[in-house]
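Let's take a friendly walk through this model, from its overall layout to its charged pairs and its main pocket. Please keep the structure open beside you as you read.

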Amino acid sequence: PGGENAMLNRGPAKWREWRWGNLVLPLYLPDPKAPPPPEGTKPLAEVAHMTISALKTKNALPTLQEAIEKLGKEPESPNGRVQEDRFRQVLKETAAASLTPDELEDIFPSPVVESKPGSRKPSKGSRKPSKEAPA
């Protein structure tokens with residue numbers, strides 16, 4: 001009767017891990033004070049799934065598995081955890097070795113550059129005189 005809940009962890013969430021088959025990669029919890037990821041950043045689970053699916057079609061899963069195992073053996077702290085950004089980087093580097101740039105862009109979209117409005121201002125400025133000239 002009471003044993004059913006024995007496995008439930010009721011404490012504060014202090015541990016996070018990513019699992020794939022028999023691989024387990026302990027991750028740090030996101031820093032609550034850190035700024036949110038840039039717009040267009042996909043969740044880690046989605047990026048990992050898309051990377052695995054894409055590499056499966058290229059028969060390159062062993063490469064990814066080795067890279068993740070290596071990452072797990074080189075943790076950033078004595079407790080064995082890894083930063084999510086570092087894990088994303090390993091996924092991206094492993095995928096880049098086997099995928100085309102377009103396939104890579106689907107999984108890891110280029111960050112949206114915030115300077116676009118700034119780069120548009122000069123073009124607006126250069127257009128105004130031409131509009132005023134005919135009038």
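## Layout, salt bridges and a pocket

Of the 135 residues in the protein, 25% are buried, where buried means under 20% relative accessible area, exposed over 50%, and partly exposed in between (1.4 Å probe, protein chains only). This is a predicted model, in which local features need pLDDT of at least 70 and side-chain atom pairs count only at pLDDT 80 or more, while totals for chains, interfaces and linings use all residues. Residues are numbered from 1 along each chain as its sequence is written, and side-chain values use heavy atoms, with hydrogens and water left out.

The protein has 5 helices and 2 strands, which are DSSP runs numbered from the N terminus (helices H or I, at least four residues; strands E, at least two). Starting at the N terminus, the order of elements is β-β-α-α-α-α-α. Among contacts with a separation of 6 or more, 61% are between residues 24 or more positions apart; contact here means heavy atoms within 4.5 Å.

Now to the charged side chains. The whole structure holds 6 salt bridges, each a side-chain nitrogen of Lys or Arg within 4 Å of a carboxyl oxygen of Asp or Glu. Three of them are set out here.

| Pair | Closest N to O |
|---|---|
| Glu-103 and Lys-58 | 3.4 Å |
| Glu-74 and Arg-86 | 3.8 Å |
| Arg-88 and Glu-84 | 3.1 Å |

What does the salt bridge between Glu-103 and Lys-58 tie together? Glu-103 belongs to helix α4 (residues 101-107) and Lys-58 to the loop between α1 (44-57) and α2, so this pair connects parts that lie 45 residues apart in sequence. Both ends are partly exposed: Glu-103 has a relative accessible area of 27%, and Lys-58 has 35%.

The salt bridge of Glu-74 with Arg-86 also links distant parts of the chain, with Glu-74 in the loop between α2 and α3 and Arg-86 in helix α3, 12 residues apart. Here too the partners are partly exposed, Glu-74 at 38% relative accessible area and Arg-86 at 25%.

Arg-88 and Glu-84 sit 4 residues apart in helix α3, so about one helical turn separates them. Arg-88 is buried at 15% relative accessible area, and Glu-84 counts as buried at 19%. Shared partners extend this pair into one salt-bridge network that joins Arg-16, Glu-84 and Arg-88.

Is Arg-81 buried or exposed? Arg-81 is buried, yet it has no salt bridge; Glu-76, the nearest side chain of opposite charge, is 9.2 Å away. For this count Lys and Arg are positive and Asp and Glu negative, with His and the chain ends not counted. Arg-81 is found in the loop between α2 (61-73) and α3 (84-98). Beyond its neighbours within four places in sequence, Arg-81 touches Lys-14, Trp-15, Pro-26, Leu-27, Tyr-28, Pro-75 and Glu-76.

Finally, have a look at the largest pocket, with about 710 Å³ of space. A pocket is an open set of points on a 1 Å grid over the protein atoms alone, where a 1.4 Å probe fits, with protein on both sides within 12 Å along at least five of seven lines; lining residues have an atom within 4 Å of a point. The volume is the space filled by probe spheres set on the points, which are joined across faces, edges and corners. There are 26 lining residues, and the closest to the pocket's centre are Pro-37, Pro-38, Thr-41, Asp-85 and Arg-88. Helix α3 gives the largest share of the lining, 5 residues. By class, the lining has 13 nonpolar, 5 polar and 8 charged residues, taking Ala, Val, Leu, Ile, Met, Phe, Trp, Tyr, Cys and Pro as nonpolar, Asp, Glu, Lys and Arg as charged, and the others, Gly among them, as polar.
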